[in-house]
Each structure stands twice: as structure tokens, then as C-alpha cells.
Amino acid sequence: MQDLRLIAAHFFEIEQWLDAAPFGNGNINDTWRVRFSRNGQTENWILQRLNTRVFNDPQTLMRNTSAVCRHLVASDDYPYAVIPPKPARNGDLLVQDSDGLYWRAFLFYDNTYAPENDTSPELAYKAACAYGAFARALRHFPAQELTEVIPGFHDTLRRWAVFEKILLDDRVGRAAHVGPEIEQLRRLKPVFEQIDSLKKSGRLPLRVTHNDSKAGNILFDRTTHQAIAVIDFDTVMPGTLLADFGDMVRSFGPDRPEGSGSEAYLRRDVLMALRDGFLSQTDNFLTDDERNNLGLAAQWIIGEQALRFLTDYLDGDQYFKITHPEHNLERTRNQLSLLRDSDATFADIFSSSRQVVLNETRL
Ligand code: GN1
Ligand code: MG
């Protein structure tokens with residue numbers, strides 16, 4: 001492990017080092033909060049080591065991030081803070097350590113929290129407004145100018161092909177005891193196919209999308225409980241806005257977190273709040289195909305996340321961080337449980353919305 005003090009010294013003139021502690025629940029990068037004093041003041045910063053197995057072109061990623069930050073700062077209809085990466089003392093946004101790994105720094109916002117484990121309809125509404133405002137502010141940004149840092153990130157049929165291959169290889173001998181989960185995933189294939197054909201038909205406009213619009217990526221003020229900032233621009237890429245709405249349902253909707261190790265239920269009150277918050281910012285520019293497929297979007301992203309967790313489980317846990325051997329399987333089951341009754345629930349809540357009927361097969 002690199003000495004965080006040495007890394008921090010690339011970014012700051014430190015008078016006295018105070019402490020450092022791991023921060024947040026990211027599944028990919030490694031994040032610390034560090035404290036030191038400078039000019040007699042205590043300062044709090046985030047230091048983050050990028051996972052270059054997942055983000056194999058960090059410079060391009062940072063270029064995307066900077067372009068998006070600049071655009072948001074200049075937008076007069078984006079009433080949230082923008083937290084850009086802090087340049088190192090040599091002006092670069094990334095610092096390479098002696099192991100060749102890349103680090104960056106962000107200001108730590110004191111007195112804030114991300115509502116990961118305690119979502120209420122009120123918080124979900126405010127978060128959906130913020131993610132909706134993010135999309136609105138970026139709607140005139142030329143999406144094709146952003147690099148696809150993870151190509152095919154939401155190409156679920158491509159992920160499906162990878163899954164089939166990993167299942168067949170069964171490198172770590174786990175396939176035999178995940179029969180029911182595989183079976184449930186197979187029933188979701190029509191959802192993935194429908195999304196694929198909507199995309200291919202050109203009916204979903206290419207937009208700048210966040211691609212990780214979860215509860216952990218939005219900061220709230222501890223005192224006022226207002227949304228302060230959307231964070232984590234690592235996966236901001238050209239895509240369909242349906243992915244961001246689907247990810248909000250996946251992340252804010254459940255009555256317990258994806259890593260809780262148990263089945264979960266989607267909260268109807270939270271789903272309605274997400275719909276209202278998101279549409280309050282986006283309704284006047286969404287196309288009918290976007291507005292009418294919010295339910296399908298939720299089925300898609302929840303199903304895709306289940307597919308990703310199960311693929312990683314069968315692949316010997318190469319991608320997502322785990323804390324125990326069955327972690328990815330538990331996450332898979334948790335995601336699949338969210339789709340119980342989803343066709344009826346989504347049809348009801350996203351009224352004009354289309355989705356696939358999964359119910360008869362009881363997920
Ligand atoms: C990963 O690292 P984190 O928590 O920001 C993943 C997302 C998943 C999420 C599931 C680059 O995000 O796509 O939805 O875990 N990020 C990447 O919690 O794969
Ligand atoms: Mg992320």
C-alpha cells in the first residue's frame with residue numbers, strides 16, 4: 001500500500017498530517033478521506049485510486065470529467081455544486097504512484113451524506129430532481145464528444161454473450177449451484193432484447209448520461225437535507241437516459257441495500273417520488289419513447305445488474321469488490337428479488353409505461 005501522505009503531498013503543501021480513513025462504499029475504486037493542516041486550518045480532502053482494470057484509460061476518463069464539469073459550471077439552469085478534480089501541484093489531474101497506479105483528489109464536502117441506506121420518498125424526490133437537472137443541463141452537450149470509457153457498458157446483449165461464455169467455462173466451479181438464478185435471468189432476456197431493438201431503431205436519443213445514478217452518488221446537506229451535488233462522473237458517457245432512470249429505481253427503490261444479503265422490496269412511495277422528481281426536470285424534452293419506457297428501463301437496469309453480479313460470481317469475483325465469497329451471489333439474488341411483481345407495479349406507477357410481463361413466471 002502506498003503511503004497516503006506521499007500521494008497527498010503531490011496535491012497539497014501539507015503543514016501537518018492529521019489522519020486518513022477509507023471512505024464510502026464504492027465497488028471499483030479505492031477512496032480515502034484525508035485530513036491535514038495548512039496555514040493553521042484543518043483541511044478535508046478525498047483521495048481516490050482509480051481501478052485501472054476497469055478504467056483502463058484514466059487520462060481520457062479525466063478529460064470526459066473535466067468537459068462535463070466545465071459545462072455544468074457554465075450552465076445557468078443547474079443549481080447544484082460541481083466538484084471538479086483538484087489538480088496536483090504540477091497541474092496534472094492524475095498522479096501516478098511508484099506502482100504505476102493513478103490517483104486524484106476532490107474537495108471533501110463537510111456536513112454532507114449520501115443517502116445510501118436510508119432512502120425516503122422526500123430524499124428520492126430531491127435526488128431524482130438533481131439527476132434530472134444533470135441530464136437537462138447536459139442535453140445540448142454534444143454526447144459524441146465524450147469518449148466511451150467502458151465500451152458497451154450498457155450493451156446488455158453483449159454482456160449476455162460474455163455471461164454465456166463464462167457460464168460454459170465455469171472456471172471456478174460455481175455454475176452447478178446457481179441454477180435457479182440462471183433460470184431467472186433467462187426470463188429477463190426479452191427485456192434486454194426490447195431495449196436493444198429500441199436502441200437500434202434510433203428511437204432513443206443519444207444523450208449524455210451519468211450511468212451510475214445511485215444513492216451513493218448524490219450528496220445531501222446534513223442540516224437542511226437538500227441535495228447539494230451529483231458526484232462520480234467516471235462513467236459519464238453517451239447513452240440513453242433510460243439507463244439513468246432505471247439505475248435510480250434500482251438504487252433508491254429497494255427497502256434495503258444491494259449488499260444486505262437478503263431479498264428486497266421496491267417501495268412504491270419511493271418509485272412515485274423518483275418518477276415525479278425526474279419528470280419535473282426532464283418532461284419537456286423527453287421523447288415519447290423515453291417517457292413511455294420508464295418501467296422497461298427499471299426492469300432492464302435491475303436485470304442487467306443481476307447479470308453483472310452473477311457473471312462476476314461465476315468468473316471468480318474479478319470485477320466488483322467483495323467482502324466474503326458469496327457476496328456477488330447474494331447481490332444477484334437481491335437484485336432479482338426486486339423484479340418480483342415488477343410488471344404490475346411498474347405499469348401502475350409509470351402509467352403510460354411499457355414493460356415486459358414477467359409476473360406469470362414469478363421471479
Ligand atoms: C459500481 O464503484 P461504484 O459503486 O461507483 C459499478 C456500477 C454498478 C455499481 C453497483 C464502473 O459502481 O456500474 O452499478 O457498482 N461501476 C462500474 O453498486 O462498473
Ligand atoms: Mg461509480
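Two strands pair if DSSP finds at least two bridges between them. Strands here (E, at least two residues) and helices (H or I, at least four) are DSSP runs, numbered from the N terminus. The model is predicted: local features need pLDDT of at least 70, side-chain atom pairs count only at pLDDT 80 or more, and totals for chains, interfaces and linings use all residues. Residues are numbered from 1 along each chain as its sequence is written, chains are lettered from A and ligands numbered from 1 in the order in which they are written, and side-chain values use heavy atoms, with hydrogens and water left out.

**Exercise 1. Follow strand 3 (residues 41-49) and its partners.**

Step 1. Start with strand 2 (residues 30-38): its pairing with strand 3 is antiparallel and runs over nine bridges. To get the register, put Asp30 opposite Arg49 of strand 3.

Step 2. Now look at the turn. The hairpin of strands 2 and 3 has two residues between the strands, and Asn39 takes a positive phi near 50 degrees there.

Step 3. Go on to strand 5 (residues 102-107), which is joined to strand 3 by five bridges and runs antiparallel to it. Here Trp45 stands opposite Leu107 of strand 5.

Step 4. Check the burial. Buried means under 20% relative accessible area, exposed over 50%, and partly exposed in between (1.4 Å probe, protein chains only). Seven of the nine residues in strand 3 are buried, so the strand is mostly covered.

Step 5. Return to the Asp30 and Arg49 pair: together with Lys321, these two are linked in a network of salt bridges. A salt bridge is a side-chain nitrogen of Lys or Arg within 4 Å of a carboxyl oxygen of Asp or Glu.

**Exercise 2. Sort out some salt bridges by where their partners sit.**

Step 1. Get the total: by this rule, there are 26 salt bridges. As background, side chains of opposite charge can pair when their charged atoms come close.

Step 2. Take Arg333 and Glu181, whose side chains meet at 2.7 Å, N to O. The pair links distant parts of the chain: Arg333 belongs to helix 10 (residues 327-338) and Glu181 to helix 5 (residues 179-200), 152 residues apart. Glu181 is buried at 7% relative accessibility, while Arg333 is partly exposed at 38%.

Step 3. Try Arg250 and Asp247, with their closest N and O atoms 2.7 Å apart. These two are separated by about one helical turn because they are three residues apart in helix 6 (residues 241-252). Arg250 is buried, with a relative accessible area of 5%, and Asp247 is buried at 5% too.

Step 4. Finish with Asp276 and Arg275, a salt bridge in which the closest N and O atoms are 2.8 Å apart. Asp276 is partly exposed, at 36% relative accessible area.

**Exercise 3. Work outward from the magnesium ion (ligand 2) to its surroundings.**

Step 1. Which residues are the protein donors of the magnesium ion? They're Asp212 (OD) and Asp232 (OD), lying 2.0 to 2.1 Å from the ion. Asp212 is in the loop between strand 7 (207-209) and strand 8 (218-221), and Asp232 is in the loop between strand 9 (227-230) and strand 10 (237-239), 20 residues apart. Donors are N, O and S atoms within 2.8 Å of the metal (3.2 Å for Na, K and Ca); water is not among the atoms, so the site may look incomplete.

Step 2. Is Asp232 buried or partly exposed? At 26% relative accessibility, Asp232 counts as partly exposed.

Step 3. Bring in Asn217, found in the loop between strand 7 and strand 8 and buried at 6% relative accessibility. The Asn217 side chain reaches the backbone oxygen of Asp212 at 2.8 Å. Leaving aside neighbours within four places in sequence, Asn217 is in contact (heavy atoms within 4.5 Å) with residues including Tyr131, His210, Asp212 and Asp232.

Step 4. Move on to ligand 1. Of the 17 residues around ligand 1 (a heavy atom within 4 Å), those that come nearest include Lys214, Glu258 and Arg308. An oxygen atom of ligand 1 is 2.7 Å from an N or O atom in the side chain of Asp212, and for the Glu258 side chain the distance is 2.6 Å.

Terms used:
A polar contact is a pair of N or O atoms within 3.5 Å; within protein, one must be able to donate a hydrogen and the other to accept it, and residues adjacent in sequence count only if both atoms are side-chain atoms.
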